[in-house]
Amino acid sequence: MFRHTLYGAFGIALLAGASTGCTPSSDTGRDLARYVDPTIGSAGHGHVFVGANVPFGGVQLGPTNITEGWDWCSGYHASDTTVIGFAHTHLSGTGIGDKGDILLMPLTGAVPMPVKAQTYLSTYSHANENAQAGYYRTHLDRYGVDAELTATPRTGFHRYTFPATDSARVLINLFDGIGWDAAKELRMVAVNDSTVEGYRLSKGWAPDDRVYFVAEFSRPFKSLTVYADTTLVPAANGKPEQTAVMPHSYGILDFGPMPESGRIEARVGISGVSVSGAKVNLVTEAEGRSFDETRAAARQAWNDLLGHMSVETDDTARLRTFYTAVYHASFFPAIFNDVTGQYRGADGFLYEDTTDTYTIFSLWDTYRSANPLYTITAPERVGDFVNTFIRIFEQQGKVPVWHLAGNETDCMVGFGSVQVIADAILKGIPGFDVEKAYHAIVSYAKLDERGLKQIREKGYIPADGEWESVAKALEYCISDWSIAQVAKKLGKQEDYEYFIERSKNYRHYFDTTDRFMKGKLADGSWRTPFNPDYSTHRGDDFCEGNAWQYTWMVPHDFEGLFALFPNPEAAEAKLDSTFTVPYDGGPNASPDISGLIGQYAQGNEPNHSTIYAYAYLGKQWKTAKLARQIMDEFFTDAPDGLCGNEDAGQMSAWYVFNALGFYPANPANGAFVLGSPVFDKVTFPVSGGKTFTVIAENNGPQNIYIQSASLNGKPYTKAYITYRDIMDGGELKLVMGPQPNEAFGAAPEDRPRSVME
């Protein structure tokens, strides 16, 4: 039985083989994809994927540069003009490189020997690139070939237009991956004169990554010649390096002479399960489909997703920034099951389920903005995300930390999946077993790893026994608060009392003498020496941050944090200083600390809720001022238009929310703190066929402060709106002006709170 539920609103167009070209979105009547520029964030440290894909698709088909390094974690960087081929899987915005599986490259002339990426690579010019939502094209200078790419969720489509040549070829490279990725076992075979199938097993960030493929070509090839790669690898037990021989590393398909403007097209289905799974995916999603039809369907898929948010403004640069942010926030999680429902579980065994399974969960990042955004823009997928987490829990014994290709990487601190599951339960998202989900998140607290045993035994993680102790503990406080709220909703009072008390463990790390979070040793003393500015990457009490930044990383209980100060004025003064004291992280600081305003770092996730603390103090206007400053200074429509890693959609999701005018400072309490909207009007569909509209009257570059507000025609004085307000539909009108209205949201009853009744 074939299942097509993963496509949501845009699946009909994909499976029907829509051939209407760049059809405007059915939701808006406009071609919103024209505002998407996939190269935004491809310079600087954005690390975004550039290529062809569809929303939440398992194929990310695009060019891979030969260069390795931190800024090439997606396989691409705007500073580079080399290409070794077009791989079907890429990450986007991560700080570690992996994937880059099943790489194709068109060639002409003699086959370079030895066959390696360094010998056959080509240059290209960004002037000859065309990157759009769902489509990519470039010109390979060395071979004179125009390469075009498009995709479905599980299939990559290639179209190569050759110059006149007596030797048109396509190289299949199974050896090279991206970043940490290293080949383990490779195989390719020709099953007839137009089809090649095989697999690529690799290890890296994901220790056991498996990608199976079937590639069908539009022309018969004369031969497939397979070449080996020999590489030196360190041997175990201090022995000398050993030579590893991988005989199926490279394959050259010889298509013979090609006339001027002759074309070769390829359709490549992939699977994480088997070659037969890849073939079924290929047949289901690609059979009878032309390249142009597929390109049109991919664009329509993006238009349907972008059409969830219709915005009005005269600022076209802002439109490009916004719609590209929505686009970037919708790459991941990526579909991981075959169309049959089969997938490879976290325990390595094969399963088949009735709901879709996903992968690429950068949860330390995305629980803060991206996952709350999906509860508004893609609620039909959230249930499947939670089901995936439940399955991972059942298969590996814990909810995911950072899951990649069916592997737990244990990357970053905390268990962000706890907040995501709790948020879905508290918002009433359907489609999963609530008791199973609750059991999964409660079980995280019983683990002995990553400082959790010390939390149970001492209430805090001693800094002399665990690196990043403060960062880990603060993340656990957010998780524990989230569990407590679910326990309360489900009537589990004993659990509520236990977890709400654990959620206050952040108090162990707050030094009342200088009012910073800092590492505490096993004997109860503070770690010395202490410098609140300094950050030692992977070697101190924080994670990619310093004490200034982590002091505010208590978004679940800002009220409780403020109570640790002598008075609210002292808390406000300290918060003010965060944005004015110059940053000097020292020689070993994390490069992720970027996008700076004083000590505040927009370029990394721990600060993403900090500016909203002002609203909890009754100073919403300070939140508005900083929200607008950050959007204006750190998010643009240029290639370096991101101030830090994209982080699998989190950075862009932060912008999307703030451009709309509100933000989920607490990722699981269902409240959105008001900021400073940049659009005159925003409309998006919600439940039951209704819409929710935000109008910013008198909006402009100088008019950044809310003067007054109304909700559905009635005066509104609160500094927040709730998820229920949004999903019930209606209109929020914000009257903007150039001067702060310090009374707006200032009364205690109008401030956001940790628990929203």
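1. In this predicted model, Ile-726 is in contact with Ile-376, Phe-662, Phe-672, Phe-684, Val-686, Phe-692 and Ile-721, leaving aside its neighbours within four places in sequence. Ile-726 also belongs to the largest nonpolar core, which has 219 residues. It is listed there with Phe-217, Phe-322 and Phe-662 as the residues with the most contacts inside that core. Helix α12 (residues 469-489) supplies the largest share of this core, 12 residues. A second core, separate from this one, has 7 residues, including Tyr-135, Val-214, Ala-278 and Ala-286.

2. An open sheet is formed by 8 strands in the order β6-β7-β8-β9-β16-β13-β12-β11, with antiparallel pairing. Its edge strands are β6 (130-132) and β11 (182-192), each of which pairs on one side only. From one strand to the next, the twist averages 15°. At the β6 edge, 3 bridges join β6 to strand β7 (residues 135-140), and the two run antiparallel. Asn-130 has Arg-137 in β7 as its bridge partner. As general background, strands of a sheet pair through backbone hydrogen bonds, in either a parallel or an antiparallel sense.

3. Strand β13 (residues 209-217) merits separate comment. Of its 9 residues, 7 are buried, and the strand is described as mostly covered. With strand β12 (residues 195-203), β13 makes an antiparallel pair over 8 bridges. These two strands form a hairpin with 5 residues between them, and Glu-197 stands opposite Val-214 in β13. With strand β16 (residues 262-271), β13 pairs in the antiparallel sense over 6 bridges. In that pairing, Phe-217 stands opposite Ala-266 in β16. Two residues named in the β13 pairings also appear in the cores: Phe-217 in the largest core, and Val-214 in the second, separate core.

4. Helix α3 (residues 275-286) lies across β9 (155-162), β12, β13 and β16. The helix runs at about 125° to β16.

5. Which residues of helix α10 are buried? In this helix (residues 434-444), they are Ala-437, Tyr-438, Ala-440, Ile-441, Val-442, Ser-443 and Tyr-444. The buried residues of α10 pack against α8 (379-396), α9 (416-426), α11 (452-458), α12 and α13 (493-502). At the start of α10, a side-chain oxygen of Asp-433 comes to within 3.0 Å of the backbone nitrogen of Glu-435.

6. Ile-252 lies in strand β15 (residues 242-258). Ile-252 counts as buried because its relative accessible area is 3%, under the 20% cut-off. Not counting residues up to four places away in sequence, Ile-252 touches Leu-107, Val-111, Arg-169, Val-170, Leu-171, Ser-223, Leu-224, Thr-225 and Tyr-227. Asp-353 is 101 residues from Ile-252 in sequence, and their C-alpha atoms are 38 Å apart in space.

7. How many disulfides does the structure hold? The number is 0. Cys-477 is in no disulfide, and the nearest cysteine sulfur, that of Cys-543, is 15 Å away. Cys-477 is buried, at 2% relative accessibility. Why is Cys-643 without a bond to Cys-73? The sulfur of Cys-643 is 17 Å from that of Cys-73, the closest cysteine sulfur, and this is too far for a bond, since a disulfide requires sulfur atoms within 2.5 Å. Cys-643 also counts as buried, at 14% relative accessibility.

8. Two cis peptide bonds should be examined in the backbone. One joins Met-113 and Pro-114, with omega about -10°. Pro-114 lies in the loop between β4 (103-108) and α2 (117-120). Another joins Thr-528 and Pro-529, with omega about -5°. Pro-529 is found in the loop between β26 (516-517) and α14 (547-550). In general, most peptide bonds are trans, and most residues other than glycine have a negative phi.

9. Positive phi values in residues other than glycine include those of Arg-450 and Glu-468. Phi of Arg-450 is near 55°; this residue is in the loop between α10 and α11. Arg-450 is buried, with a relative accessible area of 15%. Phi of Glu-468 is likewise near 55°, and Glu-468 is placed in the loop between α11 and α12. Glu-468 counts as buried, at 9% relative accessibility.

Notes: Residues are numbered from 1 along each chain as its sequence is written. This is a predicted model: local features need pLDDT of at least 70, side-chain atom pairs count only at pLDDT 80 or more; totals for chains, interfaces and linings use all residues. Side-chain values use heavy atoms; hydrogens and water are left out. Buried means under 20% relative accessible area, exposed over 50%, partly exposed in between (1.4 Å probe, protein chains only). Helices (H or I, at least four residues) and strands (E, at least two) are DSSP runs, numbered from the N terminus. Two strands pair if DSSP finds at least two bridges between them. A nonpolar core is a set of buried Ala, Val, Leu, Ile, Met, Phe, Trp, Tyr and Cys residues joined through side-chain atoms within 4.5 Å. Contact means heavy atoms within 4.5 Å. Axes are lines fitted to C-alpha atoms, for helices over the stretch in contact, and angles run from 0 to 180 degrees between N-to-C directions. A polar contact is a pair of N or O atoms within 3.5 Å; within protein, one must be able to donate a hydrogen and the other to accept it, and residues adjacent in sequence count only if both atoms are side-chain atoms.
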